[in-house]
Amino acid sequence: LLSLVSSAHLIVVLNHISSMSNHLVLQLARSASASLKASSFLHGPLRTAEKTLGVQQVNLKAWRQLSSTAADASAPGSSAADEFQQSESTSSSSSSSSSSPSSSSSSPPKALPKAGLSASGRPIVMLKPDLNRAMMLDLGHPWIYSEEIANITELTQHAAGTVADIVTSEGEGIGVGVLNRQASITVRRMQDLKTASPVTQELLRKRLREAFAARQHLVPDGDETKAFFRAVNGEQDGLPGVVVDRFGKSAVLTFESVGSSRLELLVQEELTRWMGQLSTLAVHRMISKKEKWAQEGGEFTTDIVKGDGGRINVVSAPCQLEIDAHQGPQGHWNYQLEALREELMDHIPAAGATVLDAWSHVGQFGNHMAKRGAAEVVLLEESLALAKLSRDNVVKNKVEEQCSVLHRGSVQDELKSMATSGIRFNCVSLNVRVRFQRYFKQREGQFGRWFKPTLKGYASAVTLGAQVTSRGGYLCVAFYLPIRDEHWAISLVKDGLEQANRSGSLVWQGIGLSPTAGLASSAMEDSWTPILVCIRLH
């Protein structure tokens, strides 16, 4: 009996030892698996690296050392994480200097970077495989949307404005970008930077100075007071979300993303270095965490950093106009649209004409036509603040005898009253106010998830504009459309003319792209831009 009891006890002890050893083996396997997953996340799958035949030879060596080290847990004084980091530092130092492998391996081991972080400590943005926009990204499109990122949930911990490395689903580096996990445009790529490239103040200063230098020729005869143009255009100049508009000795900074506002002091410093003493400096900052243009300008905050009040003088020869920075980005001077208007006005005879400037903004079109010899100009505006600016600009340009400024609660209702009363004009300009609305099909885009500028009201505005345009008169309509859909402008004009039982001929059409306000890549077909159309009615 005692022999049987001893045998049973021995069996229990042996089973317990077996269970402990199995648990230890399982823990070692889990540790090796986690280490392999971390290395795979940083550098791509092992099979892919083997197929590339030398593109990732250094990483293959690291993986093999890691695997062998994880399997041999009894190696003294070294862990899988230490070995991986040591091999990384060895390959890095051998590529940057002529030091021998023995001297590199003698350096103290470093800790393995956390999952989701590159060797430099930056977060890694990994793209999904088989993206619909893969070709656009290869061509240099600077925006990466949230639905295109495989590890989107791992990026929540990083603050807006964090610099991140971008890799494909196979671990191949494709560049560097600025991150905002909550925005529809989750990553804004910085052009001409390879993965792991350092992003320093010196680099940002250099890009600002290059942008300023590229536009220095626009300063007429070196007279700084006559310099009116866009000085920095965001992604085009490798500074995502940063826009600088210059108005003589004044400037307006617009930070279109939450993260880009981190550069405000740097931009101000370089701007002062370039322009000298500023008379007025206004700053518009995006404060909507999700960067949605859904609050009619409320998603931005405006500060007058320097100067008295928010009035800024704009020279648009032969006119002198004022804008008010307190009106926010929607009331801001649009250099792209105004360049189109100046070109268009050369195609419209102004002498002795009657002109209607609907949604007049600050009265720029009406003042120009009055200066060119128009007999009578009516400026019609819904916003009381903008109507006051239009009136002030009429007085400033001394065209009070030709111009009348009307403030109405609804421009379209006033157009209906004019049409009913039989009032006709030789030239009608429709600068329809851009409104943003929610669209459930708009999953991603320039203005945030679910939001984009609405096209509602354009066709009806064209109909009413055609009804108050005389035979042989000119109807000019400003649109805000994606570049790939610029043909919608002609379709909307055609629909509006049909509703008014009018017909016409296309006189001129322009799109708001220029060397100072262009695109970062030809692949940015989803970018919205001003489009101007002029029709002569029969």
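Take the residues lining the largest cavity of this predicted model: they split into 22 nonpolar, 16 polar and eight charged. The space they enclose comes to about 1,100 Å³. In total 46 residues line this cavity, and if you want to find its centre, look for Glu-256, Trp-293, Asn-334, Gln-336 and Tyr-480, the closest ones to that point.

Which elements bring at least two residues each to that lining? They are strand 6, strand 7, helix 9, strand 19 (469-482) and strand 21 (528-537). Helix 9 is the top contributor, giving four residues.

The largest cavity has company, since the structure holds four cavities of 30 Å³ or more. The second largest has a volume of about 50 Å³. Around it you'll find Gly-161, Val-178, Leu-179, Asn-180, Ile-185, Arg-188, Ser-257, Gly-259, Ser-260 and Glu-291. Strand 4 (173-179) and strand 5 (185-190) are the elements that give two or more residues to this lining. Sorted by class, the lining of the second largest cavity has three nonpolar, five polar and two charged residues.

Now back to strands 6 and 7, which also belong to a sheet. Five strands make up this open sheet, running in the order 6-7-8-9-10 with mixed pairing. Why do strand 6 (228-233) and strand 10 (300-306) each have one side left without a neighbour in the sheet? They stand at the edges and each has a single partner strand, so there is nothing in the sheet on the other side. On average, neighbouring strands here are turned by 15 degrees against each other, if you ignore direction.

Let's follow the sheet to its strand 10 edge. There, strand 9 (residues 280-286) pairs with strand 10 in the antiparallel sense, over six bridges. To pick out a bridge by eye, start at Arg-285, whose partner in strand 10 is Thr-301.

Two helices pack on this sheet, and each has its own set of contacts. Helix 8 (residues 264-275) touches strand 6, strand 7 (242-247), strand 8 (250-255), strand 9 and strand 10, and its direction makes about 155 degrees with that of strand 8. Helix 9 (residues 335-345), which we met at the largest cavity as the element giving the most to its lining, touches strand 6 and strand 7 of the sheet. The direction of helix 9 makes about 140 degrees with that of strand 6.

While you're in this area, have a look at the loop between strand 6 and strand 7, where Asp-237 sits. Is Asp-237 buried or exposed? Its relative accessibility is 17%, and the cut-off for buried is under 20%, so Asp-237 counts as buried. Leaving out residues up to four places away in sequence, Asp-237 touches Arg-207, Ala-211, Arg-215, Ala-231 and Val-232.

The last stop is a pocket, the second largest one, with a volume of about 470 Å³. It is lined by 25 residues, and those nearest its centre are Gln-442, Glu-444, Gly-445, Arg-484 and Asp-526. Strand 2 (143-145) and strand 18 (451-453) each supply at least two residues of the lining. And how do the residues of this pocket's lining divide? There are 11 nonpolar, five polar and nine charged ones.

Key
Residues are numbered from 1 along each chain as its sequence is written. This is a predicted model: local features need pLDDT of at least 70, side-chain atom pairs count only at pLDDT 80 or more; totals for chains, interfaces and linings use all residues. Side-chain values use heavy atoms; hydrogens and water are left out. Two strands pair if DSSP finds at least two bridges between them. Axes are lines fitted to C-alpha atoms, for helices over the stretch in contact, and angles run from 0 to 180 degrees between N-to-C directions. Contact means heavy atoms within 4.5 Å. On a 1 Å grid over the protein atoms alone, a cavity is a set of points where a 1.4 Å probe fits but cannot get out, and a pocket is an open set with protein on both sides within 12 Å along at least five of seven lines; lining residues have an atom within 4 Å of a point. Grid points are joined across faces, edges and corners, and a volume is the space filled by probe spheres set on the points. Ala, Val, Leu, Ile, Met, Phe, Trp, Tyr, Cys and Pro count as nonpolar, Asp, Glu, Lys and Arg as charged, and the others, Gly among them, as polar. Buried means under 20% relative accessible area, exposed over 50%, partly exposed in between (1.4 Å probe, protein chains only).
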